[in-house]
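Biologist: I am new to this model. Please take me through it, one part at a time.

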Amino acid sequence: MDVLLNNTSYYIIGLLLLTNLGCREPFFPEISDFEDDILVVEGYIEVGGGTTQINLSGTSSLYSEIATSPISGGELVIQGEKEGRWPLQSMGNGQYLLSENLPENQNYSLSIHLENGERYLSEMISPLISPDFDISYTKQNGDVQVYTNTRGEEQTEFFLWVYEETWMYRTPQISFFNYDEASGNMVLIDQEDLTYRCWNFDQSRRVILESSARFENNRIFQKELLTIDSLSEKLGIRYRIHTRQYVLDREAYVFWEGIRRNSDDIGSIFSPLPSAVSSNIHHAENPDIPVIGYISAGVSREKELYINRDEVSPWRTIIGDYQGCLIDTVAIADYDEKFGQGEYVPLYEDCEVFPCSGFFASTTGCTDCRIRGGTTTKPDYWKDE
Amino acid sequence: MNKGKMSKKVLSVVFLCLVASSLSIAQTTEKERISGIFAGLEFERFAEMVENKTSYRFFFNTEDVNGIVVNVNAYDSPIEDLLGEILKPEAIFFTIDPEQRIFLSKQKRLEIGLPADFFQIQQDAVQPNEIEASPAENANQDFAKNRLWVVGQSNANSSKPNASLKGIVQSVESGEPIIGALVYTSGQYARSITDESGQYEITLPKGRHTLIFQNFGAYQEQRQINLLGDGQLDVAMDDNIISLSAVTVTSEKSANIERPEMGLASITVQSLKKLPSVLGEVDVLRAVLTLPGVKTVGEASAGFNVRGGAADQNLILYNEATIYNPTHLFGMFSAFNPDMIEGVDLYKAGIPVQFGGRLSSVLDVKSKFGNKEKIQGGGGIGLMTSRLYLEGPLSENSTFALGGRGTYSNWLFGFLDEASGFSDSRASFHDLNMNFRHAPDPNNEITLSAYWSQDAFRFDKDTLYDYHNLNLNVGWTHFFNDKLEGHFHLGHDQYGFGILSQPDSLNAFHFGFSMDQSSWKNHFTFDLNEKHQLSFGMNHIFYNLNPGKQIPRGQESIVLDERVNREKALESAFYIGDEFELDPKLLINYGLRYVVYNYLGPNTINQYPNQTIRTDDTKTGEISYGAGEIIQTYQGPEVRISARYAIDNFTSIKAGFNTMRQHLHMLTNTAAIAPTDTWKLSDPYLRPQRGNQFALGYFKNFKNNTIETSAEIYYRKMKNLVDFRSGATLILNNELEQDVLNTRGQAYGIELMAKKNEGKLNGWISYTYSRSLLGTNPNEWGERVNSGKWYPSNFDQPHDIMMAGNFEFTKRINTSINANYSTGRPITYPVAKFNYNGSERVYYSDRNAYRIPDYFRVDLSFNIEGNHKIRKLAHASWSLGIYNLLGRANPYSIYFSPENGTIQGYKLSIFARPIPFITYNFKF
């Protein structure tokens, strides 16, 4: 009954608005240093041919600048209950991979041996096979909602979804030339080196969970994955969402629900107390040493969905960074001064009046999409229309 | 008879006994004050001058005062002060009796006891006007006060030294009985308190007495009586319309010394109205929070915690009906209409034997049933709410009271910006009271009481919340004879909430929770003899709970129709208690309550092996029970003992021990009471909560009971408290036993209080040190919170200081100021962060390992009464003030949430600014 819990957090917002007297302000309580570095294990054992990825990291202190501290150099081994032993390959940055076909008909455990000598072992994990699912979207009140739809069964009632988003965006102006300061010439840029078109990425940050048992015939209909707000650049050209669906057992569901609650529901008047989040990985010698994370196993399903701008039209996009973009003209005499310093980049020649009097110019911010974090390299998975 | 000679002899005897009580009596009467310069006068001359100016009369031996030269300047001084100054150096004692007679004596050693033949002598000696007691005389109160009332027949029961005096105390204005007035005499320990019909009964030695009737927080009335035998004396006294002697929240005056109960706090409506309020609404629950030992987790939460107990451990009664959600509008207002309330009692310890079913406290709110004189009404208009009430006689024998309240807060939402996303929000509430009383004859009284309250609110168009209380009950009080009184009660209480969610036609559903309880009580009091007063009876409550049902809404909805099995149970309690007065000093109130609880079918109970964790995997099957079948029985005795030992008239020691059982549990994993919390009955897995409490107190009054001080310590132990596994789902859960963690609790503390009841400046200050700890039961198979160690509960706030002051500028304008400091409540903080599932997450400390910053708040309010001309269309008053005068942003909560992928801490305050309020009240 997520709806109950989620909505309770609105009480306080409602209350504050009602009286307009309360307030919420940033606050940094003094917290005695938490010395222990807790191991964080994240991943999924993919059986039946998929790629297994496990990430190891450590906690960092609450106010530290470090976003994450990956733990590399560990030895990770997946052990079959009946047969088989599969060491994972360390890819650096705390990432460990395995792309071998693990049989579906047995349970697995994961053992972790860190460089500092500590050993951890997971409980036995039984693989669960995810049913098929699909994703859909609707446009409502100017926003686009993306949903997942699936159908559970008796043994597969708890679902977790994660998604990755990819979308294209364009700069308002295109720089076709480079100014060569040494020669004073304009050099045409190769088609593939143009920087006006980028792909950008994001991923799910909320924990998206649902239990099919509360619905008729175990059918989950239109569970919201995300809402794309109106004016978002994501639907400006073409957008792709790639979703992976996992089936969880009850214990894993409780773990994820705890993570979700501890992130989404905390702090309002009627919000629940923080949950102690359990793990199925334990220190080999001392069970009191805490570990964060829960490893599940099975076969996940994936789905992708493309949305073109014209499918949701009218869709207006506003990219704040591009609001002030104007086109200037630079006379030939000023090339060195304007283009040489990097203040301006040339767009194309201004030949409205013959002979050509100079170059149209703009700034890198308005011509190089990579500045906003995107990449000009088309991802391998990207399918054009 | 040689009066002059005789009087001296008698007076010395009178003196003996009166000195002991002079402190208590002299100052409570209307006092005359003296002004003037008395320079170089002989004492006799001084006495003459005082007698000329005042009604005081002096009695002394001329030899005693020979040679005393008076040299005092007086300005509006009490006579005691002057006499003290003059006579103390001369080693002369004085005493003033209620009739303003001042007696001087050189004797030093004073005995408190009375000579056996004292009354005889006095009766012979003093012969004031004797008048047969007749009710008509009550009309002239001053006259009545100074007459000698002869009660009883002198020849009847002449062998007995004592006689019993009975009567009814009622209000001069309304004719309604005055409840809880203390009746006592000077020099005697005998006391009586008027009951609900204003009746008192007191046993006194035959002879002359000054009988004092003290209405708490109001006027005092007195009668000179000559008690010849058993008889009756009715008294009419001023009620407290506008408190001429102001009393704020009060543990009963003098009764705090006399009564055996500890931890009882009573609040009068007058005092309630003087407390600064939020948004101008007088609020019972907020008043309760000003009492020592009562805490809350935050400003907008209506649940309160008494002596380290959870919010669901308070029995909240409104005219004997159980109220499950005592709040409106997210806890901002309490559900009780202040116009309809007659009085509030909170029992923190020493809970009377007729109450049970909750571990921590009983909050007994009594409402009006209307006066007998004339139709009256009133109401109030505030910024967000308005109320109206009407009361009066229906016929000669019956009265009624009606009240209603509503809000118009919806218009506020209209101002909200559409972009805020809350312009679709709505919130409203209303409540209605209807009370009716019929007394066909003096021995019977029938009451009918109905109460309805409802709240509805939404934050977007999709989801509508509502909850309601509905209570109906009928009571019959019957006086079988002089000694036996019976009260019978039949009632039905209902509480429920619903959520209507329709985001789209496929996911639309309605969720509902409701509980119904029907109760039958009979309660008897029986005056066995002078020393024993018995009370006995039984309570039966039949619970019928719908723990939750989710129903799809509309044809298209694919939401499942899901219902948790209904729960039924019968709770029966049989009790007997005795108030036993061993001697005037030692009073013991002891009782036994035997509770039988049956959890009834139809229901289906999951089965698990013993001695193991209960999960879906360990479930071995289920057993179905038919309708009315007993699934599980819990039974056991509850013990209630409290005793008072009076060291003297102004000092007493009390001790108490009680045990309690609770079969009804609120399922919550939030800190505050949420409108979506459900209740659950004890079942084979959820054992009844049990608790006991030891308490010890020392009570001392100073300055003739105008200053009361008390110190109480307590220790409580609780077991079978309900906590939940992490991630437990509390609603629509048919396997709740899998998620419950059996928890034990302990609480202890000391409560210190000093209170000044009278004078222009009155009020109190209290300090409480208390702890409240919880720990998962070591036998629990599942998760153990904080590895099974003791940890502070959500409402463990060790230091608490409360100050409330009231100052009367004039009779019509008074101001009150409140200040409250307490340690911040415990909270679970994040102590580390980590990355998981694409976002930064936090790792939490042990439960409640940290505290939010301390709490401090000051409120100010003014009450301005209109003039009180009798002939006036309506009496009006204004109440205005400022809540949170200092504007301190007291944090309600601290929380952390990922903002754009990084952790940000926030402090949330509910009332972060000074909040002015104004309410217009009227009476007609």
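**A helix in chain B**

Biologist: Which residues of helix 2 (residues 43-53) of chain B are buried?

Modeller: Phe43(B), Phe46(B), Ala47(B) and Val50(B) are buried there. A residue is buried if 20 or more other C-beta atoms lie within 10 Å of its own, exposed if 12 or fewer, and partly exposed in between, with C-beta atoms placed from the backbone. Helices (H or I, at least four residues) and strands (E, at least two) are DSSP runs, numbered from the N terminus.

Biologist: Before we go on, how should I read the model and its numbering?

Modeller: This is a predicted model, in which local features need pLDDT of at least 70 and side-chain atom pairs count only at pLDDT 80 or more, while totals for chains, interfaces and linings use all residues. Residues are numbered from 1 along each chain as its sequence is written, and chains are lettered from A and ligands numbered from 1 in the order in which they are written.

Biologist: Back to helix 2 of chain B: where do its buried residues fall, seen down the axis?

Modeller: They fall within an arc of 100°, so they line one face of the helix. The arc is that of the directions from the helix axis to the C-beta atoms. An α-helix has 3.6 residues a turn, so residues three or four places apart point the same way. Arg45(B) and Asn52(B) are exposed, on the face of helix 2 of chain B turned away from its buried side.

Biologist: What do the buried residues of that helix pack against?

Modeller: In chain B, they pack against strand 1 (33-42), strand 2 (57-59), helix 3 (62-65) and strand 3 (69-78). Strand 3 of chain B is hardly covered, with 1 buried residue among its 10 residues. Strand 1 and strand 3 of chain B pair in the antiparallel sense over 8 bridges, and Phe38(B) stands opposite Val72(B) in strand 3. Two strands pair if DSSP finds at least two bridges between them.

**Sheets**

Biologist: Which strands of chain B form an open sheet with mixed pairing?

Modeller: There are 5 strands in that sheet, in the order 16-23-24-19-20. Strand 16 (264-268) and strand 20 (321-322) of chain B stand at the edges with a single partner strand each, so one side of each has no neighbour in the sheet. Strand 19 (residues 314-318) and strand 24 (residues 361-367) of chain B run parallel and are joined by 5 bridges. In strand 24, Val365(B) is the bridge partner of Tyr318(B).

Biologist: What about the open sheet 13-14-20 in chain A?

Modeller: Its 3 strands pair antiparallel. Strand 13 (133-140) and strand 20 (219-228) of chain A are the edge strands, each pairing on one side only. From one strand to the next the twist averages 25°; axes are lines fitted to C-alpha atoms, for helices over the stretch in contact, and angles run from 0 to 180 degrees between N-to-C directions. Strand 13 of chain A is joined to strand 14 (residues 143-151) by 8 bridges, and Ser136(A) has Tyr147(A) in strand 14 as its bridge partner.

**Cores and single residues**

Biologist: Which residues touch the most other members of the largest nonpolar core?

Modeller: Ile45(A), Leu248(A) and Trp256(A) do, out of 96 residues. A nonpolar core is a set of buried Ala, Val, Leu, Ile, Met, Phe, Trp, Tyr and Cys residues joined through C-beta atoms within 7 Å. Strand 15 (residues 158-170) of chain A gives the most to this core, with 9 residues. A second, separate core of 56 residues includes Ala321(B) and Tyr495(B).

Biologist: Is Arg250(A) buried, exposed or partly exposed, and what does it touch?

Modeller: Arg250(A) counts as partly exposed because it has 15 C-beta neighbours inside 10 Å. Arg250(A) lies in helix 2 (residues 250-264) of chain A. Not counting residues up to four places away in sequence, Arg250(A) touches Phe158(A) and Asp616(B); a contact means that the C-beta atoms, placed from the backbone, lie within 7 Å.

**Confidence**

Biologist: Where in chain A does pLDDT stay under 50?

Modeller: It does so over residues 1-21 of chain A. pLDDT is the predictor's confidence in each residue, from 0 to 100. Where pLDDT is low, the predicted coordinates should not be read in detail. Chain A averages a pLDDT of 85, and 90% of the residues score at least 70.

How values were computed
Contact = placed C-beta atoms within 7 Å.
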